[in-house]
Amino acid sequence: MSKYKNKKIKTPDGTFDSKKEFRRWQELKLMEAEGKIKNLKRQVEFDLIPAQKNEIGKVIERKCSYKADFVYEFMDEMVVEDVKGFKGGAGYGVFVIKRKLMLWIHKIKVVEI
């Protein structure tokens, strides 16, 4: 069980971190089938900070990246979504920093669902 008491959901479309995330996936798939959105993808990784290496090329800090729950196009613009059960908690602060880095580096505003 996760620290937030959500249960992973295994489906033919893959494993989802929560029922809420799976429900959103189903909604988005329907929207894509209706032609309202296109190019729907799950678990898309965005690089935020590259790996840091010393003078001989040894990695001394791993890269920092953000993995979006969903990415799709709406009216020819990329939308990045992250499904959250609630705001706050231990992991939320890290998410906020990565959300800010996504806007700063990639000019993408992450939508919280």
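Tutor: Before we begin, a salt bridge here is a side-chain nitrogen of Lys or Arg that lies within 4 Å of a carboxyl oxygen of Asp or Glu. The model we are reading is a predicted one.

Student: With that cut-off, how far apart are N and O where the side chains of R24 and E81 meet?

Tutor: A pair qualifies when the nitrogen and the carboxyl oxygen lie within 4 Å of each other. The side chains of R24 and E81 satisfy this and form a salt bridge, with an N to O distance of 2.6 Å.

Student: How many residues apart are R24 and E81, and in which elements do they lie?

Tutor: R24 belongs to helix α1, whereas E81 belongs to strand β7, which covers residues 77-82. The salt bridge therefore links distant parts of the chain, and the separation between R24 and E81 is 57 residues.

Student: Are R24 and E81 buried or exposed?

Tutor: The cut-off for burial is a relative accessible area under 20%. R24 has 14% relative accessibility and so falls on the buried side of that limit. E81, at 2% relative accessibility, likewise counts as buried.

Student: Where does the salt bridge between R99 and E112 fall in the chain, and how many residues apart in sequence are the parts it ties together?

Tutor: The side chains of R99 and E112 meet with an N to O distance of 2.8 Å. R99 lies in helix α2, residues 92-106, and E112 in strand β8, residues 110-112, so the pair ties together parts whose separation in sequence is 13 residues.

Student: Are R99 and E112 buried or partly exposed?

Tutor: Values of relative accessible area under 20% would count as buried, and those over 50% as exposed. R99 has a relative accessible area of 23%, which places it in between. For E112 the value is 25%, so this residue too is partly exposed.

Student: Which residues do salt bridges that share partners join into one network?

Tutor: R24 and E81 have already been described as a salt-bridged pair. Where salt bridges share partners, that pair becomes part of one network, whose members are R24, E27 and E81.

Student: Turning to the aromatic rings, how many aromatic pairs are counted, and what is the angle between the planes of F16 and W25?

Tutor: The count comes to five aromatic pairs. One of them joins F16 and W25, whose centres are 6.1 Å apart, and it is classed as tilted because its planes are neither under 30 degrees nor over 60 degrees apart; the angle between the planes is 40°.

Student: How is the pair of W25 and F70 classed, and how many residues apart in sequence are the parts it ties together?

Tutor: W25 and F70 form a stacked pair, 5.8 Å centre to centre, with 20° between the planes. W25 lies in helix α1, residues 19-33, and F70 in strand β6, residues 64-74, so the parts that this pair ties together have a separation in sequence of 45 residues.

Student: Which residues do the ring pairs link into a cluster, and which charged end sits over the ring of F16?

Tutor: Ring pairs link F16, F22, W25 and F70 into a cluster. The ring of F16 also has a charged end sitting over it, 3.8 Å from its centre, and that end belongs to R42.

Student: Which element gives the largest share of the largest nonpolar core?

Tutor: The largest nonpolar core has 12 residues in all, among them F46, L48, Y66, F95 and M102. Two or more of its residues come from each of β3, β6 and α2. The largest share, four residues, is given by α2.

Student: F95 is part of that core, so which residues does it contact beyond its neighbours within four places in sequence, and which charged end sits over its ring?

Tutor: Once neighbours within four places are left aside, F95 is in contact with Y66, D82, K84, V110 and E112. A charged end also sits over the ring of F95, 4.2 Å from its centre, and its owner is K84.

Student: Finally, how many helices and strands does the chain have, and in what order do they run?

Tutor: The chain contains two helices and eight strands. Read from the N terminus on, the order of these elements is β-β-α-β-β-β-β-β-α-β.

Methods: Residues are numbered from 1 along each chain as its sequence is written. This is a predicted model: local features need pLDDT of at least 70, side-chain atom pairs count only at pLDDT 80 or more; totals for chains, interfaces and linings use all residues. Side-chain values use heavy atoms; hydrogens and water are left out. Rings of Phe, Tyr and Trp (its six-membered ring) pair if their centres lie within 6.5 Å; planes under 30 degrees apart count as stacked, over 60 as edge-to-face and the rest as tilted. A charge sits over a ring if NZ of Lys or CZ of Arg is within 6 Å of the ring centre and within 35 degrees of the ring normal. Buried means under 20% relative accessible area, exposed over 50%, partly exposed in between (1.4 Å probe, protein chains only). A nonpolar core is a set of buried Ala, Val, Leu, Ile, Met, Phe, Trp, Tyr and Cys residues joined through side-chain atoms within 4.5 Å. Contact means heavy atoms within 4.5 Å.
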